[in-house]
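Open the model in your viewer and show side chains as sticks. The stops below deal with salt bridges.

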Amino acid sequence: MVYAIVRAGGRQEKVSVGDTIVINRVAGSAGDSVDFTPVLLVDGDTITSEKSDLDKVKVSAEKIEDLRGPKIRILKYKNKTGYKKRQGHRQELTRLKITGIA
């Protein structure tokens, strides 16, 4: 089984061909291709982690859609002062399908 660890959207993701991942928003429209450089590559029994060898490998993905994460509610409250503040946040995300590791 071939898989790679890629740095995407501020995190590291374990991906193989055909996987679907959700990362922080990537610019572009649906159908565009996105390339990642792997941090680690596992090809059967061999593990590649040297930077010179990893520079030759590209992980390509196709952008499927843009979406938004779940609503997060932020509430600040201070007792006996009448101070309360409510704020919400939804993270902007992108769904990608891994098309190749070469």
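Begin with arginine 25, which at 36% relative accessibility counts as partly exposed. This is a predicted model. A search of the whole structure finds six salt bridges, and the tour visits some of them.

Keep arginine 25 selected and add aspartate 66. The two form a salt bridge, with the closest N and O atoms 3.6 Å apart. The pair links distant parts of the chain: aspartate 66 lies in strand S7 (residues 59–68), while arginine 25 sits in the loop between strand S3 (20–24) and strand S4 (33–36), 41 residues apart. Aspartate 66 has a relative accessible area of 37%, so it is partly exposed.

Next, select lysine 51 and aspartate 55. Their salt bridge brings the closest N and O atoms to 3.4 Å. Are these two side chains buried or exposed? Lysine 51 counts as exposed, at 61% relative accessibility; aspartate 55 counts as partly exposed, at 46%.

Now go to arginine 95 and glutamate 65. Their side chains meet in a salt bridge of 2.3 Å, N to O. This pair too links distant parts of the chain, with arginine 95 in strand S10 (residues 92–101) and glutamate 65 in strand S7, 30 residues apart. Arginine 95 is partly exposed, with a relative accessible area of 27%, and glutamate 65 is also partly exposed, at 32%.

For the last stop, select Arg25, Lys63, Asp66 and Glu92 together. Salt bridges that share partners join these four residues into one network. The bridge between arginine 25 and aspartate 66 was visited above.

Notes: Residues numbered from 1 in each chain as written. Predicted model: local features only at pLDDT ≥ 70, side-chain atom pairs only at ≥ 80, totals over all residues. Heavy atoms only, no water. Helix = DSSP H or I, 4+ residues; strand = E, 2+ residues; numbered from the N terminus. Buried < 20%, exposed > 50% of the residue type's maximum accessible area, 1.4 Å probe, protein only.
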